[in-house]
Amino acid sequence: MKNRDVAALTEKYVAKTYTRAPIALVKGRGTRVWDADGKEYLDFLAGIAVNSLGHCNPAIVKAIKQQASQLLHISNLYQVLPQAELARELCRHSFADRAFFCNSGAEANEAAFKLARRYGQEKLGGKYEILSTHNSFHGRTLATLTATGQEKVRAGYDPLPAGFRLVPYNDLSATEAAIDPQKTAAIVVEPIQAEGGVVVANEIYLLGLRELCDQRGILLIFDEVQTGMGRTGKLFGYEHFGVKPDIMTLAKALGGGLPLGAMLAREDVAQSFMPGSHASTFGGNPVSCAAGLAVMNALVKGGVLKNCVQMGKYFVKGLEALKKRFSFIREIRGKGLLIGVELTVEGSKIAEACMRDGLLLNCTATKVLRFAPPLTITKREIDRGLAILENVLARQ
Ligand SMILES: Cc1ncc(COP(=O)(O)O)c(C=O)c1O
């Protein structure tokens, strides 16, 4: 089948929830992918911040093959070895004491919201409200889209669940003023708003949120679905800011390309979940967790994170040079290899032109080109990507 055949099948049979490019990607190695017509691309998006060790990383493929030949699925009625091991590794390397596993970022946030509500009922005299931020993105389930601060995600789904309220991002005094002493149980925030256009939190803001939550006895939840698992150059985004959350959610890169999400919490918070409080048939599936262990092992060895920091700096330097040349580049922001280039013009046509020229990236928040390449990317690949981008920008 060629690109066109796959697109025709999709057009006829798949729900129309996505605006898809007309290429069918069928093979990947490292930072490179190939479409069904045999064309090669540099992938600077990595499945939207998922394939952090590159496509078909040998250690991940080996772990998946080994586990798949042993046991594919067994359910959470029994002990699941790779799940227990992954939980141990995540807790060992974070603030957390326990992990609940699920299959996606939205589910991880659902779990966080449910835990916050139970905690609110048990320990905060019935408080239930969750404050989230304008411009945020937390997922597409009813609860998580309600917490999402983007009208286009919420539109058409009224009535939305009660108990969520939006406050401005990076605005500590507005958040403080919004806390309802009778109702507010938790604040959820992304250390970097990724879908919202790669907007980085101020350190003072996150430190202030921590203080505020401590003073009021309420929970601080970090949605690290996109910033977690090394994307920003540290294992978890919160490590940049000297602030530890009470609950953290992960997904995307956690499963190395397989569907896997997790909600991590400190023991005293995690206690509000007990048998029957929450569940997921596939959550913590042995194969996904075996892949997750391979990802964790690679990240904690250190070389990948170091490469992420170095290549992130190198890439930003190259982008800064483009900014000097093209006046329609407004700002370059991000951390590690989560980088946004804000334009003064719409970015989707530029992303499309890059794709035609063999470079995959995407446009978010209308005017922001987003880059989230594999953390294993090389200087040569960055140079090639920058050259393609420069050519495209020169044609604007
Ligand atoms: C910060 C953040 N939270 C939650 C989600 C939702 O994750 P998923 O699409 O796996 O449900 C995303 C997805 O982009 C995200 O970036």
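## Exercises on a predicted model

In strand S15, leucine 360 is the bridge partner of aspartate 43. The model is predicted, and the exercises below start from this pair of strands.

**Exercise 1.** Describe how strand S3 pairs with S15 and with strand S2.

Solution.
- Step 1. Take S15, residues 359–360: this strand and S3 run parallel and share 2 bridges.
- Step 2. Turn to S2, which covers residues 32–35, and S3, which covers residues 40–43; these strands are antiparallel, with 3 bridges between them.
- Step 3. Find a facing pair: glutamate 40 in S3 stands opposite tryptophan 34.
- Step 4. Look at the connection. S2 and S3 make a hairpin with 4 residues between them, and glycine 38 in the turn has a positive phi of about 90 degrees.

**Exercise 2.** Decide whether aspartate 246 is buried or exposed, and find which side chains make polar contacts with the side chain of aspartate 246.

Solution.
- Step 1. Locate the residue: aspartate 246 sits in the loop that runs between strand S10 (219–223) and strand S11 (247–250).
- Step 2. Apply the cut-off. A residue counts as buried under 20% relative accessible area. Aspartate 246 has a relative accessible area of 3%, so this residue is buried.
- Step 3. List the neighbours. Leaving out residues up to four places away in sequence, aspartate 246 touches several residues, among them Phe95, Ile218, Leu264 and Val269. Arg210 and Arg266 are also touched.
- Step 4. Check the two arginines for polar contacts. The side chain of arginine 210 makes one with the side chain of aspartate 246 at 3.0 Å. The side chain of arginine 266 makes another, at 2.4 Å.

**Exercise 3.** Work out which residues surround the ligand and come nearest, and which atoms of the protein lie opposite its oxygen and nitrogen atoms.

Solution.
- Step 1. Count the shell: 13 residues lie around the ligand, and Gly105, Ala106, Glu190, Asp223 and Gln226 come nearest.
- Step 2. Sort the shell by type: 3 residues are nonpolar, 6 are polar and 4 are charged.
- Step 3. Assign the shell to elements. Helix H5, residues 105–123, contributes the most, with 3 residues.
- Step 4. Look at the backbone. An N or O atom in the backbone of glycine 105 is 2.8 Å from a ligand oxygen atom. For phenylalanine 137, a backbone N or O atom is 3.3 Å from a ligand nitrogen atom.
- Step 5. Look at a side chain. In lysine 252, a side-chain N or O atom lies 3.3 Å from an oxygen atom of the ligand.
- Step 6. Consider the cover. The ligand taken alone exposes 390 Å², and the protein buries 82% of that.

How values were computed: Residues are numbered from 1 along each chain as its sequence is written. This is a predicted model: local features need pLDDT of at least 70, side-chain atom pairs count only at pLDDT 80 or more; totals for chains, interfaces and linings use all residues. Side-chain values use heavy atoms; hydrogens and water are left out. A residue is near a molecule or strand if one of its heavy atoms lies within 4 Å of it. A polar contact is a pair of N or O atoms within 3.5 Å; within protein, one must be able to donate a hydrogen and the other to accept it, and residues adjacent in sequence count only if both atoms are side-chain atoms. Accessible areas come from the Shrake-Rupley method with a 1.4 Å probe; for residues, only the protein chains shown count as cover. Ala, Val, Leu, Ile, Met, Phe, Trp, Tyr, Cys and Pro count as nonpolar, Asp, Glu, Lys and Arg as charged, and the others, Gly among them, as polar. Buried means under 20% relative accessible area, exposed over 50%, partly exposed in between (1.4 Å probe, protein chains only). Contact means heavy atoms within 4.5 Å. Two strands pair if DSSP finds at least two bridges between them.
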